[in-house]
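Me: I am a first-year student, and I would like a close look at a single part of this model. Could you take me through the place where two of its domains meet, step by step?

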Amino acid sequence: MALSLKKHEMPVQDPKVRAHNFDEVALGYDEETAVAEAERCLHCKIPQCRKGCPVSVDIPEFIGKIKERDFDGAIEKIKEANALPAVCGRVCPQENQCEKYCVLAKKGESVGIGRLERFVADRYMAKNEEVKPIAFAEDAQKVAVLGSGPSGLSCAGDLAKKGYKVTVFEALHKAGGVLSYGIPEFRLPKDKVVKKEIENIEKLGVKFELDSVAGRLFTVDELMEEEGFDAVFIGTGAGLPRFQGIPGEGLNGVYSANEFLTRCNLMKAYRFPEYATPIKVGKNVAVIGGGNVAMDAARTALRLGAEHVYIVYRRSEAELPARKEEVEHAKEEGIDFKLLNNPVEILGDENGWVKGMTCIRMELGEPDESGRRRPVAVAGSEFELAVDTVIVSIGTGPNPIIAHTTPGLATTKRGNIEADEESCATSKPGVFAGGDIVTGAATVILAMGAGRKAAAAIDEYLQKKKNN
């Protein structure tokens, strides 16, 4: 049978139905589809796909096991390198990472590596097998991990497997970081996936301390000098929202995407009054920005009852930073893309509530430092968009609390912690950092890659410390 140049379609909910519920959009492969997709893999002598995996999963090996229907062997192979396979199979931008290097992509579509990872991870979770706890030595060294997002979880899991006693300190009331507060239920189910992935790490012997704000309840120095931790990993992410600084951003009905999604995902505002957190969404909503977070916010607003939802982005579709799949899903659900437009003012009524937004049309000029063509305003092209809710999704930065309470910790001009790219070591001995707190807002898998690098470097550091 001739090799198909197209990957097997992912079954999804009908757009007209899913636009009104928070159930997962993508439904996952069944066993026969997964095996058929795995059979598309060429098993190249020099596999290129591994180049694009930030956590170095042995991709050809796990796909080979799917071909043989050895699904248990496939998940074991993935879990050697990836602590959160069911998460990564859903939210990683595989098209720009492992799948980008697939030889099949030169003539057609790559193997659906992410879809296969999700299949075996979901199958493993459904079996609900017991995770064997680590038997820690009495004199095992202690490591504190600040933040329970992707980098912290990955670091904690790897360190526990190496025999270290790990405690994860999380500022919020649930573990998971951006996995819990940032990514909507319809893309990443919290109970079905995130909670179970975290429980598996906890079963290894990792302790979680929730409602524990580093820099307020304790400092990094106190953890090391008073609480007996031998090393600290900082993986607190980039959760501080940025705004444009235009008039009207203080009006009622203006949200940062961070607040909007946190209320909906972590605090379950979409189930108010069953849950106590309310959220007001008007009939006409504008989301400023074009990344994955903007798509998440727009699609969430639609599910909360908005009649019209706009994505307002200052560049063209070619420059949209969001995943192609997320853009397509948003369009299918009826999100209106107002491209090459930039807000200049948010307008309010006499009671201080949003009533509209003035935008100006843009055209693309020469490329800027990012390599994308710079948007230039078209003089005299202002127009008013009638909206009653505005969600700002133009990026996030690091919360300065840890840097301000940790003497000797070097940071960049933007407030990110300076850390070595390979070892994640900071300017402070015994303190390591990785993920968005170092790089700025990036992807889940890149943060996980940093967590794995940090775990290896912490292990090396502590072994030297122990033997000196």
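Reply: In this predicted model, domain 1 and domain 2 bury about 2100 Å² between them, and 69% of that area lies on carbon and sulfur atoms. The figure is a useful place to start because the size of an interface is often given as the accessible area lost when the parts come together. On the domain 1 side, L84, V91 and M125 supply 28% of the area buried against domain 2, which is more than any other three residues provide.

To place the two partners along the chain, the domain assignment gives domain 1 as residues 15–127 and domain 2 as two stretches, 142–239 and 398–467, with domain 3 taking up 240–395. The contact takes 23 residues from domain 1 and 24 residues from domain 2, while the centres of these two domains, taken over C-alpha atoms, are 26 Å apart.

Turning to the polar side of the interface, seven residue pairs are in polar contact across the boundary of domain 1 and domain 2, counting pairs with both residues at pLDDT 80 or more. The count of salt bridges between domain 1 and domain 2 is one, and in a salt bridge of 3.6 Å, from N to O, the side chain of K192 meets that of E24.

Which helices bring residues to the side of domain 1 that touches domain 2? Helix α5 (85–91) and helix α6 (113–127) each supply at least two residues there, and α5 gives the most, with six residues. Sorted by kind, the residues on this side of domain 1 divide into 16 nonpolar, two polar and five charged.

The UniProt record, in an unreviewed entry, offers another way of dividing the chain. It places the feature "domain: Dihydroprymidine dehydrogenase" at residues 18–127, and in the model that span is 45% helix and 0% strand, with its end C-alpha atoms 27 Å apart. The record also places the feature "domain: FAD/NAD(P)-binding" at residues 142–451, a span that is 26% helix and 25% strand and whose end C-alpha atoms lie 17 Å apart.

Finally, a backbone detail can be added for domain 2, which includes the stretch 142–239. Most residues other than glycine have a negative phi, and most peptide bonds are trans. D211, however, has a positive phi, near 50°, and is found in the loop between β3 (207–209) and α10 (220–225).

Note on methods:
Residues are numbered from 1 along each chain as its sequence is written. This is a predicted model: local features need pLDDT of at least 70, side-chain atom pairs count only at pLDDT 80 or more; totals for chains, interfaces and linings use all residues. Side-chain values use heavy atoms; hydrogens and water are left out. Domain bounds come from an automatic or database domain assignment. Contact means heavy atoms within 4.5 Å. Buried area is the accessible area (1.4 Å probe) that two parts lose on being put together, summed over both. A salt bridge is a side-chain nitrogen of Lys or Arg within 4 Å of a carboxyl oxygen of Asp or Glu. A polar contact is a pair of N or O atoms within 3.5 Å; within protein, one must be able to donate a hydrogen and the other to accept it, and residues adjacent in sequence count only if both atoms are side-chain atoms. Helices (H or I, at least four residues) and strands (E, at least two) are DSSP runs, numbered from the N terminus. Ala, Val, Leu, Ile, Met, Phe, Trp, Tyr, Cys and Pro count as nonpolar, Asp, Glu, Lys and Arg as charged, and the others, Gly among them, as polar. UniProt positions are given in the numbering used here, feature names are shortened, and annotations may be inferred rather than shown by experiment.
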